[in-house]
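Please go through the model below with me, taking overall features before individual helices and side-chain pairs. Each answer should reason briefly and end on the value or name asked for.

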Amino acid sequence: MPTLPREQPEPSRLESHEVRRMAESFGADAQRYDRARPGYPDALVARIVAGSPGPEVLDVGCGTGIAARQFQAAGCAVLGVEPDERMAEFARAHGLEVEVATFEAWRPAGRTFDAVIAAQSWHWVDPVAGAVKAARALRPDGRLAIFGHVYEPPAEVAEPFAAAYRRVVPDSPFSGQPARRPLDMYRAGYAKFADAIRRNGRFDAPEQWRFDWERSYTRDQWLELLPTTGGLTRLPPDRTAEILDAVGAAIDSMGGCFTMLYTTLATTAVRAGTS
């Protein structure tokens, strides 16, 4: 995510236990996470549904069910897999069946699906083991779809956030990151997902999809979302407040709102074979 601490950890900079702790931190305020995080383009959901052989969907790392509810609204029957019990409980309370496990450890028990989706979550899954598990969980001609957002707030918001983060959390591995990062960096990440799928040998050639859209944020709406991002979920309240104050002042200077440019990227492939 440009201007935000990356939620996809860099293995060379974060030890495995740190990665695990970060992944587990998003459930600290599941209600806020669900309220603040954006959904996914309707065109993306429709394309996945139209390109799958049936309506049964497995949602990997379903979180609070943001993507799952969109697929339910499109007529799908969705089962979620989520390692965080807090997120799973929120999703269940809002009508989603969820089994608590990492995807690697999850037991399909003979069940297969028409689509396996991963919305903003595949970077927490081992890409090789994940592709193997997805192939086993999919029916022939079933679709694996991995997708997520790239955020691009204007520099007037990005720079004050980066400066405040470096000041408040100087020892964080995120502090050395630039305020804005090119879209090509994220596209390269999705290309790596495609490489792992291609090497698996049980999928047709992966495709890369892109959806560009925008959304306006008020000061309060953006400050509601920021604490749900990876670099802030584990900070003490006083440090979070200092960063939010700096960002809020920046948005105030812009008239109290700004337009966010979103790109939603997807790597998707169809399960090959007849069995």
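The expected span of a helix is 1.5 Å times one less than its number of residues.

Q: What span does helix α8 reach from its first C-alpha to its last?
A: In this predicted model, helix α8 covers residues 183-200 and has 18 residues. At 1.5 Å a residue the expected value is 26 Å, and the span from the first C-alpha to the last is close to it, reaching 26 Å.

Q: Within what arc do the buried residues of α8 fall, seen down its axis?
A: The buried residues of α8 are Y186, G189, Y190, F193, A194, A196, I197 and N200. Seen down the axis of α8, these buried residues line one face of the helix, because they fall within an arc of 160°.

Q: Which exposed residues does α8 carry on the face turned away from its buried side, and which elements are included in what covers the buried residues?
A: The face of α8 turned away from the buried side carries the exposed residues D184, K192 and R199. The cover over the buried residues of α8 includes α6 (127-137), β5 (138-152), β6 (207-218) and β7.

Q: Which residue follows α8 with a positive phi?
A: A residue with a positive phi, near 80°, comes after α8. That residue is G201.

Q: How many helices and strands does the protein chain have, and what share of its residues is buried?
A: The protein chain has 10 helices and seven strands. Among contacts with a separation of 6 or more, residues 24 or more positions apart account for 78%. Of the 275 residues in the protein chain, the buried ones make up 53%.

Q: Where is the pLDDT below 50?
A: The protein chain averages a pLDDT of 89, and 87% of the residues score at least 70. One stretch has a pLDDT below 50, although in the model this stretch has 62 contacts beyond near neighbours in sequence. Where pLDDT is low, the predicted coordinates should not be read in detail. The stretch in question is residues 1-20.

Q: What arc do the buried residues of α10 cover around the axis?
A: With 17 residues, α10 reaches 24 Å from its first C-alpha to its last, close to the 24 Å expected at 1.5 Å a residue. Its buried residues are T240, I243, L244, V247, G248, A250 and I251. They are on the same side of α10, because they cover an arc of only 155°.

Q: Against which elements do the buried residues of α10 pack?
A: On the other side of α10 from its buried residues, D238, D245 and S253 are exposed. Just after α10, G255 takes a positive phi of about 100°. The buried residues of α10 pack against α7, α9 and β7 (257-270).

Q: How far apart in sequence are the parts tied together by the salt bridge of E242 with R167?
A: E242 forms a salt bridge with R167, and the closest N and O atoms are 3.3 Å apart. E242 lies in helix α10 (residues 237-253) and R167 in helix α7 (residues 155-168), so the pair ties together parts that are 75 residues apart in sequence.

Q: Which residue forms a salt bridge with D252?
A: The closest N and O atoms of this salt bridge are 3.1 Å apart. D252 counts as partly exposed at 43% relative accessibility. The pair links helix α10, which holds D252, to helix α9 (residues 219-225), and the residue there, 33 residues apart from D252, is R219.

Q: Is D34, the salt-bridge partner of R69, buried or exposed?
A: R69 forms a salt bridge with D34, with the closest N and O atoms 2.8 Å apart. R69 lies in helix α4 (residues 66-73) and D34 in helix α2 (residues 30-36), so the pair ties together parts that are 35 residues apart in sequence. R69 counts as partly exposed at 28% relative accessibility. With a relative accessible area of 15%, D34 is buried.

Q: Which residues is S121 in contact with, leaving aside its neighbours within four places in sequence?
A: S121 has its place in the loop between β4 (113-119) and α6, and S121 is buried, with a relative accessible area of 6%. S121 and G148 are 27 residues apart in sequence and, C-alpha to C-alpha, 7.8 Å apart in space. Leaving aside neighbours within four places in sequence, S121 is in contact with V60 and G61.

Key. Residues are numbered from 1 along each chain as its sequence is written. Side-chain values use heavy atoms; hydrogens and water are left out. A salt bridge is a side-chain nitrogen of Lys or Arg within 4 Å of a carboxyl oxygen of Asp or Glu. Helices (H or I, at least four residues) and strands (E, at least two) are DSSP runs, numbered from the N terminus. Buried means under 20% relative accessible area, exposed over 50%, partly exposed in between (1.4 Å probe, protein chains only). The arc is that of the directions from the helix axis to the C-beta atoms. Contact means heavy atoms within 4.5 Å. pLDDT is the predictor's confidence in each residue, from 0 to 100.
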